[in-house]
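Subject: Handover of a structure with its ligand

Dear colleague,

Please find the structure below, handed over for your work. My findings follow directly after it.

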Amino acid sequence: MTTIDPKAPVLVTGATGYVAGWLVKKLLDEGHLVHAAVRDPDNKDKLQYLDALAEASPGDIRYFRTDLLEPGSYAEAMAGCELVFHTASPFSMNVKDPVKELIEPAKMGTRNVLEEANRTPSVKRVVVTSSCAAIYGDNADRERAPDGVFTEEVWNESSSVEHQPYSHSKTLAEREAWTIAGEQERWDLVTINPSLVLGPGINPHGTSESFTMLKQFGDGTLKSGMPRWGVGVVDVRDLGEAHYLAGFTPSAKGRYITSAHNTDLSDLAAPLREAFGDSYPFPKRKMPKWLVWLVGPLANKLMTRKMISRNVGIPWQADNSKGKRELGLSYRPLEESVVDFFQQMIDVGAFSPAKGR
Ligand code: NAP
């Protein structure tokens, strides 16, 4: 049982990020002092959204310059904190050097933040934003899961530097976190393992892969069709609540799959078409697997035939009951996440309706 003093500052690493935004909002709304660890505290453009949240809430925010790759850089930000949320980690599929751009920052960053927790006597709990990517690499991994359903007991053993390197980076980082946590007894580790995150960002111009993914539904990239690619989806607003509950629920323990819906990428088009009609070039049909296998790698250099074979046409299924039972998590409908996110993109002029129709 870990009880956090609500008056102690709370550290959020990667506070400028998409996922962190709604957590920072929740903390500020609940009146906490947020120590926001960011790469560039002078970047007023990026920080304006967090400043506005602080302005409108009973809580307060202080910024600290940090970098995942710099040992010791989290010391000042963590001083006096009982609760640390470690969300910072690069989330990008389009990388040239996966070791330098994904694996090193994810793993070394986790080590730096957790070793700082070891040196900071006030810390009682660390909540690491891991991912369902640390549970599975490809949908075909369901073969190894109990009754074909991903649970908190399952670990990703199929990803590597060459195949699904982002998932590999999250697996190595979470394993590192459990190793470091297991070598001491002062603080406990809780991990939040979200599936694909959708929903409007606190910063509407976010650069997370979530934005890239949904934008493709409206910019014409997918107009000729969409593969049946099984995924889990969770709303970014519900994920903010989930982080908060993982931090402040004394009995929280272990990993939490944080995923609302077992669904399919091709199913995201229907609610968009229903809400926005044919104003945007939404994918009209579901592409058969053989066609994706044939043209996918030509249309998208990030898509390999191995990825297609092991994911397309294989439904995704995970059990989210532990988080509901132990943390009281609840989730909004998929349509709300998709439509609100797309509406935000329209509002900030992410695409012109006439183009690519
Ligand atoms: P994001 O918006 O790109 O946020 C990533 C954050 O990490 C940013 O704040 C970024 O800081 C920070 N960061 C990256 N490299 C850094 C470095 N070298 N030093 C310090 N900070 C660094 O992506 P996100 O989607 O919110 O992802 C946040 C977390 O959620 C990640 O751990 C990701 O793996 C996890 N997650 C995301 C999803 C999803 O679908 N989005 C799903 C499961 C798990 P800057 O602002 O300075 O770039």
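I begin with the cysteines. Cys-132 has a relative accessibility of 3%, and because buried means under 20%, this residue counts as buried. Cys-81 is likewise assigned to the buried class, its relative accessibility being 0%. Across the whole structure, the search for disulfides returned zero. Please bear in mind throughout that this is a predicted model.

Overall fold

The protein contains 12 helices and 12 strands. Its C-alpha trace extends over about 55 × 45 × 40 Å along the principal axes. The radius of gyration is 20 Å, which agrees with the value near 21 Å that a compact globule of 357 residues would have. Of the 357 residues in the protein, 57% are buried.

Ligand site

Which residues come nearest to the ligand? Among the 25 residues around the ligand, these are Thr-16, Arg-39, Tyr-166, Lys-170 and Ser-208. By class, the shell consists of 10 nonpolar, 11 polar and four charged residues. Several secondary-structure elements contribute to this shell: helix H1 (18–29), helix H5 (165–182) and strand E7 (196–198) supply at least two residues each.

The following polar contacts may be of use to you when you inspect the site:

- Thr-16: a polar side-chain atom is 2.6 Å from an oxygen atom of the ligand.
- Gly-14: a polar backbone atom lies 3.1 Å from an oxygen atom of the ligand.
- Ser-210: an N or O atom in the side chain is 2.9 Å from a nitrogen atom of the ligand.

Thr-16 thus appears both in the list of nearest residues and among these polar contacts. As for coverage, the ligand on its own has 890 Å² of accessible area, and the protein covers 91% of that area.

A loop position

Finally, I draw your attention to Ser-251, which is located in the loop between helix H7 (236–248) and strand E10 (254–258). Is Ser-251 buried, exposed or partly exposed? Its relative accessible area is 39%; since partly exposed covers the range between the buried limit of 20% and the exposed limit of 50%, Ser-251 is partly exposed. Leu-327 lies 76 residues from Ser-251 along the chain, and the C-alpha atoms of the two residues are separated by 8.6 Å.

With kind regards

Methods:
Residues are numbered from 1 along each chain as its sequence is written. This is a predicted model: local features need pLDDT of at least 70, side-chain atom pairs count only at pLDDT 80 or more; totals for chains, interfaces and linings use all residues. Side-chain values use heavy atoms; hydrogens and water are left out. A residue is near a molecule or strand if one of its heavy atoms lies within 4 Å of it. A polar contact is a pair of N or O atoms within 3.5 Å; within protein, one must be able to donate a hydrogen and the other to accept it, and residues adjacent in sequence count only if both atoms are side-chain atoms. Accessible areas come from the Shrake-Rupley method with a 1.4 Å probe; for residues, only the protein chains shown count as cover. Helices (H or I, at least four residues) and strands (E, at least two) are DSSP runs, numbered from the N terminus. Ala, Val, Leu, Ile, Met, Phe, Trp, Tyr, Cys and Pro count as nonpolar, Asp, Glu, Lys and Arg as charged, and the others, Gly among them, as polar. A disulfide is a pair of cysteine sulfur atoms within 2.5 Å. Buried means under 20% relative accessible area, exposed over 50%, partly exposed in between (1.4 Å probe, protein chains only). The radius of gyration is taken over C-alpha atoms; the globule rule is 2.2 Å times the number of residues to the power 0.38.
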